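Welcome to a guided look at a protein with the sequence and the 3D view at your side. Please take a moment to turn the picture around before reading on.

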2 protein chains.
Amino acid sequence: MDPRLAALRDAIDAADAELVRILAKRLEISREIGQLKHELGQPLYVPSREAELIAGRRADAEHAGLPGDLIEDILRRTMRESYQRQKHQGFRRVNPDQRPIVVVGGKGALGQLFVKWFELSGYAVHVIDKDNQNELPTAVSDALLVLIAVPVAQTEDVIANLPELPSDCVLADVTSIKQKPLQAMLARHSGPVIGLHPMFGPSVPTLAKQTILVTPGRDHAASDWLIQQFAIWGVQVHSLTAEQHDKAMSMIQVMRHLSSFVYGYHLSKENPDLEQLVQLSSPIYRLELMMVGRLFAQSGELYADIIQSDQDKLSMVRRYLKRFDDVLKLLETEGREGFVREFEKVALWFGPYAEGFLRESINLLQHTSDSRS
Amino acid sequence: MDPRLAALRDAIDAADAELVRILAKRLEISREIGQLKHELGQPLYVPSREAELIAGRRADAEHAGLPGDLIEDILRRTMRESYQRQKHQGFRRVNPDQRPIVVVGGKGALGQLFVKWFELSGYAVHVIDKDNQNELPTAVSDALLVLIAVPVAQTEDVIANLPELPSDCVLADVTSIKQKPLQAMLARHSGPVIGLHPMFGPSVPTLAKQTILVTPGRDHAASDWLIQQFAIWGVQVHSLTAEQHDKAMSMIQVMRHLSSFVYGYHLSKENPDLEQLVQLSSPIYRLELMMVGRLFAQSGELYADIIQSDQDKLSMVRRYLKRFDDVLKLLETEGREGFVREFEKVALWFGPYAEGFLRESINLLQHTSDSRS
């Protein structure tokens with residue numbers, strides 16, 4: 001090897017060693033900050049503080065002739081690590097009330113996640129699942145919160161069959177649809193009721209920056225401590241009506257799951273050489289395959305329930321299918337011109353979002369290429 | 001603010017300042033390596049060397065109590081910066097032959113990209129487009145390479161109408177379908193012929209780690225210099241037959257573009273509040289919206305051409321639609337059980353890829369959450 005090249009590679013090695021040292025130091029300081037915030041009962045993730053810090057670092061970097069995007073990406077990646085480690089320090093408990101939290105379906109994937117985070121925050125959690133339903137009446141008798149985390153198909157029954165709850169107990173569910181569970185909860189319990197839809201799966205390593213959609217039911221003030229607890233975990237909360245929620249979700253959720261399922265089903269029937277398909281895929285097609293394939297590493301029951309949860313949604317899918325057919329007919333009758341005409345109408349509808357999504361996706365696709373080697 | 005917190009934040013500021021300093025230093029050393037490799041005529045991106053370096057750094061990091069993934073992600077992000085900067089230093093020119101490269105359609109998005117990269121490598125490039133077609137005969141008369149980069153719908157005509165090329169001139173195209181263009185090129189030119197399909201869009205900031213699919217036509221050896229030039233740019237090459245190529249592409253390309261288009265078309269007809277949709281989207285739905293919306297920031301003509309390029313592909317889409325319909329019927333007749341049964345069959349078909357895709361997507365989705373604040 002050329003000696004100059006060897007020397008420069010030694011210099012890279014030295015720089016990387018320094019890099020490792022500084023990252024380790026930064027994570028240690030973050031750990032201490034997490035510890036202190038834990039003592040002070042402050043939330044770990046404060047969007048405004050993070051935005052401010054990032055902006056400052058971008059400025060420093062650009063001053064040093066470094067692209068702001070580079071330092072921003074690296075800091076965000078490092079912060080992820082800090083947020084994930086915070087788990088090990090636990091979180092401040094917002095509600096001092098010693099009464100237990102009951103998670104019905106607490107052995108399901110999402111149920112387990114909430115059990116874990118409530119325990120990380122020092123709450124006494126009573127897990128109820130198929131194997132110990134007989135404990136339900138005693139468990140809820142002095143419950144602070146009863147959280148329903150059963151499959152969507154069973155949610156309404158489980159709610160309807162709940163024993164009497166303390167009048168000040170908060171009744172909540174985490175189902176991906178909200179109108180029917182909320183109605184069921186309001187009918188069963190006369191106290192505080194709130195609907196929750198966590199916009200994340202059980203696989204998330206941290207709740208920081210995750211979103212929970214909240215559909216108020218009754219006596220919202222009584223659930224304030226719960227919302228504050230989410231904030232301590234770093235969760236962002238969006239409040240909307242159950243109707244708004246279900247309408248928006250049918251638009252993204254059912255469409256996404258069903259069309260991903262059909263795509264996978266279609267591929268398995270066409271039966272191409274999957275390995276070759278993956279090899280030939282550019283980042284964007286690889287991403288497509290990934291988002292379809294990942295579905296099938298998960299529970300078919302879960303997706304069946306989400307898709308079946310609401311007949312209105314299936315009628316919306318029928319309209320989608322009809323439109324797909326219309327587009328094929330358009331291609332056959334008017335060809336290129338007809339397609340381009342409709343394309344431009346849709347582009348108008350997306351407006352500035354189209355450009356925004358393109359920019360965002362370019363960065364994302366670049367990230368997926370980074371990992372090749 | 002608590003003085004202890006203030007002190008720790010100062011420590012974070014200091015660590016980040018050091019981080020910026022080291023990243024700047026590393027980029028400078030990379031620049032010198034790039035410069036040297038340019039002089040030595042070595043490719044910038046060598047997969048084996050990168051993999052080796054990453055493995056070593058992961059070990060060092062884990063030795064220092066740092067997760068290997070963290071240092072790997074950060075190094076890959078930093079290397080991206082180095083690869084992008086290499087553009088400014090130019091690339092070694094593999095073929096010393098002084099004759100020009102002619103890019104027909106050189107003012108189109110993809111054409112411009114190749115013009116730029118050939119020029120970065122010191123080749124004389126003659127750009128032919130609508131406005132100067134009269135120059136084509138003179139331009140090709142002593143051409144080293146004639147690259148066809150016109151819209152797919154025009155490719156065959158443009159090739160058929162090419163003037164006589166020098167017998168040793170390489171004739172190549174960059175169309176997203178390969179059988180028909182390759183046949184047209186073999187029919188028109190008796191010399192070296194090669195089909196190329198760049199698996200990237202004009203927006204890529206660097207060609208390092210990008211892929212070009214190669215479908216050999218005639219006298220492959222005569223195109224060796226071109227393949228080597230791609231390697232110098234950091235491009236990875238996959239060779240396959242035009243038939244294999246078109247079959248695989250119809251599976252991913254047309255399906256992806258058409259279903260994304262119909263999804264956007266569907267959304268615009270359902271006309272939900274897009275801003276609210278985006279707000280409510282979890283990373284995975286946001287990704288979905290992004291991949292659909294980005295389409296409409298691009299050229300409708302381009303997508304019309306890709307989708308129309310091959311009737312067999314549309315018949316494949318018809319099969320997809322039929323299956324979509326079958327699935328809806330299945331949901332109506334057999335409900336949950338039927339869905340889950342088919343789901344498990346597809347899961348079997350994906351085999352270990354499902355798990356792999358899920359893991360990969362979790363990291364990717366985490367990356368998209370990182371950027372929130």
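The report below goes from the whole assembly down to single residues.

**Ground rules**

This is a predicted model, in which local features need pLDDT of at least 70 and side-chain atom pairs count only at pLDDT 80 or more, while totals for chains, interfaces and linings use all residues. Residues are numbered from 1 along each chain as its sequence is written, chains are lettered from A and ligands numbered from 1 in the order in which they are written, and side-chain values use heavy atoms, with hydrogens and water left out.

**One chain at a glance**

Let us begin with chain A. Its secondary structure comes to 15 helices and seven strands. Here helices (H or I, at least four residues) and strands (E, at least two) are DSSP runs, numbered from the N terminus. Along the principal axes, the C-alpha atoms of chain A fill a box of roughly 80 × 65 × 40 Å.

Of the 373 residues in chain A, 59% are buried. Buried means under 20% relative accessible area, exposed means over 50%, and partly exposed is in between (1.4 Å probe, protein chains only). Contacts, meaning heavy atoms within 4.5 Å, often link distant parts of the sequence: among those in chain A with a separation of 6 or more, 68% are between residues 24 or more positions apart.

**How the two chains are related**

Two copies of a chain are related by a rotation about an axis and a shift along it. Chain A can be laid on chain B by a turn of 180 degrees and a shift of 0.0 Å along the axis, with an RMSD of 0.1 Å. This is the relation of a two-fold axis. The C-alpha of A:Ile74 is the one in chain A nearest the axis, at 2.9 Å from it. The superposition is by least squares on the C-alpha atoms of residues with pLDDT of at least 70 in both copies.

Through which surface do the copies meet? They meet through the same surface, because 100% of the interface residues of chain A are also interface residues in chain B.

**A pair of crossing helices**

Two packed helices are described by the angle between their axes and the distance between the axes. In chain A, the axes of helix α9 (residues 242-270) and helix α11 (residues 283-293) come within 9 Å and cross at roughly 100 degrees. Axes are lines fitted to C-alpha atoms, for helices over the stretch in contact, and angles run from 0 to 180 degrees between N-to-C directions. The helices α9(A) and α11(A) are therefore roughly perpendicular to each other, a label for angles of 65 to 115 degrees.

On the α9(A) side, A:Arg256, A:Ser260, A:Tyr263, A:Gly264 and A:Leu267 meet A:Glu288, A:Leu289, A:Met291 and A:Val292 of α11(A). By class, this contact has five nonpolar, two polar and two charged residues. Ala, Val, Leu, Ile, Met, Phe, Trp, Tyr, Cys and Pro count as nonpolar, Asp, Glu, Lys and Arg as charged, and the others, Gly among them, as polar.

**Nonpolar cores**

A nonpolar core is a set of buried Ala, Val, Leu, Ile, Met, Phe, Trp, Tyr and Cys residues joined through side-chain atoms within 4.5 Å. The largest has 103 residues, and those with the most contacts inside it are A:Leu258, A:Phe296, B:Leu258, B:Phe296 and B:Phe350. Not counting residues up to four places away in sequence, B:Phe350 touches several residues of chain A, including A:Gly264, A:Leu267 and A:Phe296. Apart from this core lies another, of 50 residues, among them A:Ile29, B:Ile22, B:Leu44 and B:Leu53.

**Some single residues**

The table places four residues of chain B.

| Residue | Where it lies | Relative accessible area |
|---|---|---|
| B:Ser30 | helix α1 (residues 3-40) | 13%, buried |
| B:Lys209 | loop between β5 (193-198) and β6 (211-218) | 4%, buried |
| B:Asp219 | loop between β6 and α8 (224-233) | 42%, partly exposed |
| B:Leu358 | helix α15 (residues 352-370) | 14%, buried |

Leaving aside neighbours within four places in sequence, B:Ser30 is in contact with A:Ile12 and B:Ser82. With the same neighbours left aside, B:Leu358 is in contact with A:Arg294, A:Ala297 and A:Gln298.

Most residues other than glycine have a negative phi. B:Lys209 has a positive phi of about 75 degrees although it is not a glycine, and B:Asp219 has a positive phi of about 50 degrees, again without being a glycine.

Technical notes
Angles under 35 degrees count as roughly parallel, over 145 as roughly antiparallel, 65 to 115 as roughly perpendicular and the rest as oblique.
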